[in-house]
Amino acid sequence: RSVILHHDYNDYWIVFGDKSSNNTNKLFEIIKGYTNNCYLVSSIRELELLSLRPAYTIYVTSGTSTPMGFIEKAINYLEEL
């Protein structure tokens, strides 16, 4: 279960995972209930296409079946912003 206690409305939330995964989609829908700055990303290319401003906080989470290799690459990409 995800609980968002506090966030700035300028923060970004990124859910990593397969768009056909029920777990990933449920996580995405929960977060979307709290903010419009939420994205479901299933590839590095999709991540590159987002217009993220590095000055804001970027929160990341993932579905249970998301490969760790993808998560690590995506986090490395975000750290370079």
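Start your tour at Thr24: leaving aside its neighbours within four places in sequence, this residue is in contact with Val15, Phe16, Gly17, Asp18, Leu40, Gly63 and Thr66. Bear in mind as you click around that this is a predicted model. Thr24 is part of helix H1. Is Thr24 buried or exposed? With a relative accessibility of 0%, Thr24 counts as buried, since the cut-off for that label is under 20%.

**Stop 1: the sheet**

Switch to a cartoon view and pick out the three strands. They make an open sheet whose order is E2-E1-E3, with parallel pairing. At its edges are E2 (38-41) and E3 (58-62), each of which pairs on one side only. Direction ignored, neighbouring strands of this sheet are turned by 20 degrees against each other on average.

Now select residues 12-16, which make up strand E1. E1 runs parallel to E3, and five bridges join the two. To see this pairing residue by residue, show Val15, which stands opposite Thr61 in E3. Then show Ile14, whose bridge partner in E3 is Val60. On the E2 side, four bridges pair E1 with E2, again in the parallel sense. Ile14 appears here too, standing opposite Tyr39 in E2.

Next, turn on the side chains of E1. Which of them point which way? Tyr12, Ile14 and Phe16 point one way, while Trp13 and Val15 point the other way, and all are buried. Because five of the five residues of E1 are buried, this strand is largely enclosed by the rest of the structure.

**Stop 2: helix H1**

Select residues 22-32 to bring up helix H1, the home of Thr24. Helix H1 packs on the sheet and touches E1, E2 and E3; its direction makes about 165 degrees with that of E2.

Colour Thr24, Leu27, Phe28 and Ile31, which are the buried residues of H1. Look down the axis of H1: these residues fall within an arc of 100 degrees, so they line one face of the helix. A general point helps here: an α-helix has 3.6 residues a turn, so residues three or four places apart point the same way. The buried residues of H1 pack against E1, E2 and E3. Now rotate to the other side of H1, where Asn22, Lys26 and Glu29 are exposed.

**Stop 3: helix H3**

Select residues 68-79 for helix H3. Helix H3 also packs on the sheet, touching E1, E2 and E3, and its direction makes about 155 degrees with that of E1.

Try the distance tool on the end C-alpha atoms of H3; they are 16 Å apart. That agrees with expectation, because the 12 residues of H3, at 1.5 Å a residue, should span 16 Å.

What is buried in H3? Phe70, Ile71, Ala74 and Leu78 are. They cover an arc of only 100 degrees around the axis, which puts them on the same side of H3. Their cover includes E1, E2, E3 and helix H2 (44-49). Flip to the face of H3 turned away from its buried side, and you will find the exposed residues Met68, Lys73 and Glu79.

**Stop 4: helix H2 and the salt bridges**

How many salt bridges are there to look for? The count comes to two.

For one of them, show Lys19 and Glu46 as sticks: their side chains meet in a salt bridge at 3.0 Å, N to O. Lys19 lies in the loop between E1 and H1 and Glu46 in helix H2, so the pair ties together parts that are 27 residues apart in sequence. Both ends are partly exposed: Lys19 has a relative accessible area of 42%, and Glu46 has 26% relative accessibility.

Finish with Glu48 and Arg45, which form a salt bridge with their closest N and O atoms 3.6 Å apart. These two residues both lie in helix H2, three residues apart, about one turn of the helix. Switch on the surface to compare the partners: Glu48 is partly exposed at 37% relative accessibility, whereas Arg45 is exposed, with a relative accessible area of 53%.

Methods. Residues are numbered from 1 along each chain as its sequence is written. This is a predicted model: local features need pLDDT of at least 70, side-chain atom pairs count only at pLDDT 80 or more; totals for chains, interfaces and linings use all residues. Side-chain values use heavy atoms; hydrogens and water are left out. Two strands pair if DSSP finds at least two bridges between them. Axes are lines fitted to C-alpha atoms, for helices over the stretch in contact, and angles run from 0 to 180 degrees between N-to-C directions. Contact means heavy atoms within 4.5 Å. The expected span of a helix is 1.5 Å times one less than its number of residues. Buried means under 20% relative accessible area, exposed over 50%, partly exposed in between (1.4 Å probe, protein chains only). The arc is that of the directions from the helix axis to the C-beta atoms. A salt bridge is a side-chain nitrogen of Lys or Arg within 4 Å of a carboxyl oxygen of Asp or Glu.
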